[in-house]
Every structure is written in C-alpha cells, then in structure tokens.
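User: I'm new to reading protein models and would like a close look at a single part of this one. Could you walk me through it and tell me how that part sits in the whole?

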Amino acid sequence: MGPVDMNRSYHPFVHRYAIFMVCWTIVLLTAGALVTSEDAALAVPDWPLSYGTITPPMVGGIAYEHTHRVIAAGLGLLAIGLAALLWRTDDRPWMRWLGLAALGGVILQGVLGGLTVIKLLHYWLPVMHACTAQLMFALLVSIAVFTSRWWTEPLPQYQDKGSPPVHTVVTINAAAIFLQVLAGAGFRHQYISLRPHVIGAPIVLGVVIWTAAILRRRFSQVREISRARILLHAIVGTQILLGAIALYSRISTADAAQPMPLMVASTVVHTVVGAILFAISIVTVLICYRLVPRRGEVAVRATPEQQVAAQ
Ligand code: HEM
Ligand code: HEM
C-alpha cells in the first residue's frame, strides 16, 4: 500500500459507485434491524424464495422480511458490479481482490440470513448475521476510502514518537467497539444477558476517550486525524444516549402485545448508529496507517520532504 502503487488509481466513477453502495447498505441495515425489532424474522418460512415466489403478498411481517431480502439482493447485484469495476479499472492488485472479497462477503451474509430463517434462529445464526452485517458495512466504507482521491494521491507522512504506537491504539479502539457490538447482538437476539453490553458501554467510552486524547496529543495539527477523533467522540456519545433510550423503551413496552413504535425506532437507530460508529473506528485505523508510517517503515513510505515530525 505504499506511495509507489498509488498513482493512476483514482477513478471518480468507481469512488462514487462505492459511496452509493455505502448509502444502500445503510438502508439495508435499517431494513434488517426493522425485521428484528418488528419480530418478523420468521414471517417468511422459506429461502431463497419467499413463499415459493419473488412477489409474496406484502402484508404484516412478510412486508418487513421480504423488503429486507429484496434490498439485500440489490446489494448483491451492486457487489458484482463493484468487483467487476475494480477488476477492470484498478491497478492495485490488493484492491481488485478486495472487490472480490466484498462480493464473497455479501454472498456469505445472504446465506447466513437464509440459514437464520431455515434453522429457526438457532445456533447463534442471528448474532452471526448481525455481526457480519457490521463487518460488511465497514468493508464497504473502507473500499470507498481506498477509492477516494485523498487515499490515492501522495500525502505528507507524520512520525509517531509516542508509545504505544498509534496504530496499536486505534486498533484496540476498533476491537473494543466491535466487542460491544457483539455483546449488543447477543442480547438483542436473546443469547446472552444485557449485563456484558451495559458494562461494556463505559469501557468503550473510556477507550474512545483514551484514543482521542492520544490522537490529539500526537497529531493535533493533522486535519484528517482531528476530524476522525471528533467524529468518534460525537458518535459514541450519541450511541450511549440511544442505548439508554432503547433500553428504556424495551422496559416500558415489555408488556405490549406487539412491538411499539418508540421501541422499534430506538432499537433500529441504535443498531444502525452502532454500525456507523464501528465503521468510523475502522476509517480511523486506515487514516493512521495511511498518514503515519509504522516504525522501521519510514524510509520506504515517504520522501524526507514528505515526513513531518508530529511532536
Ligand atoms: C446480503 C446482505 C444482508 C445484510 C447486510 C443484512 C443485514 C441484516 C441486519 C443488519 C439485520 C438486523 C440484525 C439485528 O437487528 O440485530 C438483519 C436481520 C435479518 N436478516 Fe439480513 N441481511 C442481509 C441479507 C439477508 C438475507 C438474504 C436474508 C434471507 C432470508 C436475511 C434474513 C434476515 C433475518 C431473518 C433477519 C432477522 C433476524 C432476527 O430477528 O433474529 N438477511 N439482516
Ligand atoms: C458504547 C456504546 C454502544 C455501542 C457501540 C452499542 C452498540 C449496539 C449495537 C450495534 C446493538 C445491536 C446489535 C445488533 O444486533 O446488530 C446494540 C443493542 C442494544 N444496546 Fe447498545 N451500544 C452501546 C451502548 C449501549 C448502552 C449505554 C445501552 C443502555 C444503557 C445499550 C443498550 C442496548 C440495548 C437494550 C440493545 C438491544 C436493543 C433491543 O432491545 O433489541 N447500548 N447496541
């Protein structure tokens, strides 16, 4: 991923296409979370067809489940297009393979969704489906970053003089957020109690504050890193607030005969913003790898003029 292979790699159409896929996936995550919150997972008992057809009657839970399947199929088609575009236009071999990996990921996610239905929500399949969705989203956001003009042009390189290395810090941050997502999915699909997720929230908040403090101390003059740390702070705060609302709405509507609008809205938004927070944590990792050479890598990654001491 050095500057050597970062020429002629910017194709505005491919970048816009990747951004469109990211937007499409946000809609898909919302549709999927609606299936869960509306208790519609088993409204359609078969797969890959829905009641033996691609146009089942759109009533009750079928409307949620089938709409989710249709939007997912759309992502599948878009992923074929992305893999083909990258294969034809991108001169970075790893990027071409990443396009194929994204296609494989979307297929895997679709199969997991199908198995979730056929195996009647057993074997942790809904939790796997929920977490792979978050990973897929982060992968598509990463592809949008890799295809951007910013990523593909030569950039100044900043030295990291602190310890632990910034790359380790931002990776721990992303891992902590993913574990929190995993705990949330475990509870949401009734495999574990809420306790690990509630205990995890202040821990994740602490890790984000620690990460942001290190980024500010070491790289306050780097615009991209500053933006990432501000976004991380803002979204984690919003997410904790949304989590509290989701919990309150769960408790206050526990006796209702059917899912209530406040419960549905708050749990769906909390799930989707969770995916956005995780994706931003991954983008923060990417930005650090792009702008800050790892130790021992300085000579290879940047010319002396491009190197800037950050402390
Ligand atoms: C290909 C891309 C797909 C993505 C990104 C995706 C994403 C999601 C997401 C984010 C959820 C919500 C998880 C949660 O709220 O915890 C969900 C739920 C669900 N998805 Fe998908 N999905 C995809 C494909 C499919 C397919 C093809 C099926 C086919 C049956 C499917 C069936 C389901 C079911 C049944 C649920 C509800 C699970 C439950 O309530 O326990 N999904 N999906
Ligand atoms: C650090 C921040 C947090 C993150 C990243 C996070 C993330 C998530 C995610 C992604 C899910 C859905 C998982 C899935 O199935 O896809 C979830 C579920 C949930 N979270 Fe959080 N969460 C956070 C903080 C909180 C807090 C502070 C609370 C409550 C005090 C909370 C309460 C819940 C509840 C109740 C659910 C299940 C929603 C339902 O009832 O279906 N979360 N969380």
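Analyst: Let's begin with a term: accessible areas here come from the Shrake-Rupley method with a 1.4 Å probe, and for residues only the protein chains shown count as cover. With that in hand, the accessible surface of this chain comes to about 15200 Å², and 71% of that belongs to carbon and sulfur atoms. Keep in mind that you're looking at a predicted model. The pLDDT averages 94 over the chain, and 93% of the residues score at least 70. One stretch to treat separately is residues 1–6, where pLDDT stays under 50 and the model has nine contacts beyond four places in sequence.

The part I'd pick for you is the loop between helix 1 and helix 2, but let's get the whole picture before zooming in. The chain has ten helices and two strands. Starting at the N terminus, you meet them as α-α-α-α-α-β-α-α-α-α-α-β. The radius of gyration is 21 Å, close to the 19 Å that the globule rule gives for 311 residues, so the chain is as compact as a globular protein of that length. Along its principal axes, the C-alpha trace spans about 65 × 45 × 30 Å. Of the 311 residues, 49% count as buried. Contacts also reach far along the sequence: among those between residues at least 6 apart, 79% join residues at least 24 apart.

Now for the loop. Helix 1 covers 12–37 and helix 2 covers 60–89, and Pro 45 is found in the loop between them. Asp 39 lies in that loop too, as does Pro 48.

Take Asp 39 to start with. What is unusual about its backbone? Asp 39 has a positive phi of about 60° although it is not a glycine. That's worth a second look because most residues other than glycine have a negative phi. Is Asp 39 buried or exposed? The cut-off for exposed is over 50% relative accessible area, and Asp 39 is at 68%, so it counts as exposed.

Next up is Pro 45. Leaving out residues up to four places away in sequence, Pro 45 touches Tyr 51 and Val 117. For a sense of distance, try Arg 195: it is 150 residues from Pro 45 along the chain, and their C-alpha atoms are separated by 32 Å.

Then comes Pro 48. Which kind of peptide bond joins Trp 47 and Pro 48? That bond is cis, with omega about 10°. Most peptide bonds are trans.

You can find similar features elsewhere. The peptide bond from Ser 163 to Pro 164 is also cis, with omega near 0°, and Pro 164 sits in the loop between strand 1 (157–159) and helix 6 (166–188). As for positive phi, Leu 120 has one of about 55° without being a glycine. Leu 120 is in the loop between helix 3 (93–118) and helix 4 (125–146), and its relative accessible area of 51% makes it exposed.

To finish, here's a residue within a helix. Leu 247 lies in helix 8 (residues 223–252) and is partly exposed, with a relative accessible area of 32%.

Methods
Residues are numbered from 1 along each chain as its sequence is written. Chains are lettered from A and ligands numbered from 1 in the order in which they are written. This is a predicted model: local features need pLDDT of at least 70, side-chain atom pairs count only at pLDDT 80 or more; totals for chains, interfaces and linings use all residues. Side-chain values use heavy atoms; hydrogens and water are left out. Helices (H or I, at least four residues) and strands (E, at least two) are DSSP runs, numbered from the N terminus. The radius of gyration is taken over C-alpha atoms; the globule rule is 2.2 Å times the number of residues to the power 0.38. Buried means under 20% relative accessible area, exposed over 50%, partly exposed in between (1.4 Å probe, protein chains only). Contact means heavy atoms within 4.5 Å. pLDDT is the predictor's confidence in each residue, from 0 to 100.
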